[in-house]
Amino acid sequence: YFEYTTLLATKLFEKCDFAILEAGMGGEYDATAVFDNILTLVTPIDYDHQEFLGETIKKIAQTKLNSIQKCAIVGKQHFQEVYNIAEQLSKTKYFKLYRFEELLDDKDKRYIDNFANFHNLPIFLRDNFSLALSAYKYLGFSIDKLDFEIPVIMGRCQKIAKNITIDVGHNVLAANALKKYFGNKKVILVYNSYKDKDYKQILQILKPIIKRVEILKVRNSRIEDEETLKESIIKTGLEAGNFVKIEDEEDYLVFGSFSVIEEFLRNFFEK
């Protein structure tokens, strides 16, 4: 499915001056890696898709960074191994390597801070915005001439109602980002998970911000068995039930995957 849609995307991009492809799992075996490119942006690398990428950060980073061809800009990372492997590969594969902060001066950083504060960006989106602007400068464009409104980033810490936030994240990295974003605020977690995700650790990370967990039924062969998931929630020390409806007096985080968000938006939010 991903390979086919990637092929269709390149057909649509034929007449573009620039085409930006977001990797799926990422890495040398990703469908997006087969095309020649002039620049690779490395967003934070963490544990995800271990069955394909490797069980350690070192193996995951090696597989992902092997996709770099001519030049890479590395965004803010949580593991030093990512920087180390990138530097080693740049010497053996002879590609240019930058850390995003190398390409930004003090004026750029003030612009990023002002923009992020004005739009109330969560820290992970602020980091991604910094990486994007560093690439913009590398490609020869001037930040001084930027004039745009930030687009709504669908499904990434997106507030769709005064008491509802949705996020399509499904891994430990996303859970940590959401925990920082909500801080001391408590929410009801509307949740479900694929079988191959580390939902036990995700629930443990989110526990400080959760009032209770309400499981959203999702029709997908990859989704974990409801009783198995409920048992894991209870073992984490959280109250578990089934999602029925949104209560106006409560705050909600709908989280777990694209499938969870799609199910929620299609069958509950519009009602």
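Helix α6, spanning residues 123-138, comprises 16 residues and covers 23 Å from its first C-alpha to its last, which is close to the 22 Å expected at 1.5 Å a residue. The model is a predicted one, and the description below follows this helix outward to the strands around it.

Buried positions in α6 include the aromatic residues Phe 124 and Phe 129, together with Leu 125, Leu 131 and Leu 133; Arg 126, Ser 130, Ser 134 and Ala 135 are likewise buried. The elements that cover the buried residues of α6 include the strands β1 (40-42), β2 (71-74) and β5, as well as the helices α5 (106-118) and α7 (172-182). Just after α6, the backbone at Gly 140 adopts a positive phi of about 95°.

Strand β5, one of the elements covering α6, runs through residues 164-167 and is itself covered on both faces. On one side Ile 164 and Ile 166 are buried, and on the other Thr 165 and Asp 167 are buried too.

The pairing of β5 can be followed to two partner strands. With β4, residues 158-161, β5 runs antiparallel, and 3 bridges join the two; β4 and β5 form a hairpin that has 2 residues between the strands, and Ala 161 stands opposite Ile 164 of β5. With β9, residues 252-255, the pairing of β5 is in the parallel sense and extends over 4 bridges, with Ile 166 standing opposite Val 254 of β9. Ile 164 and Ile 166, which are buried on one side of β5, thus recur in these pairings, Ile 164 opposite Ala 161 and Ile 166 opposite Val 254.

Notes. Residues are numbered from 1 along each chain as its sequence is written. This is a predicted model: local features need pLDDT of at least 70, side-chain atom pairs count only at pLDDT 80 or more; totals for chains, interfaces and linings use all residues. Side-chain values use heavy atoms; hydrogens and water are left out. Buried means under 20% relative accessible area, exposed over 50%, partly exposed in between (1.4 Å probe, protein chains only). Two strands pair if DSSP finds at least two bridges between them. The expected span of a helix is 1.5 Å times one less than its number of residues. Contact means heavy atoms within 4.5 Å.
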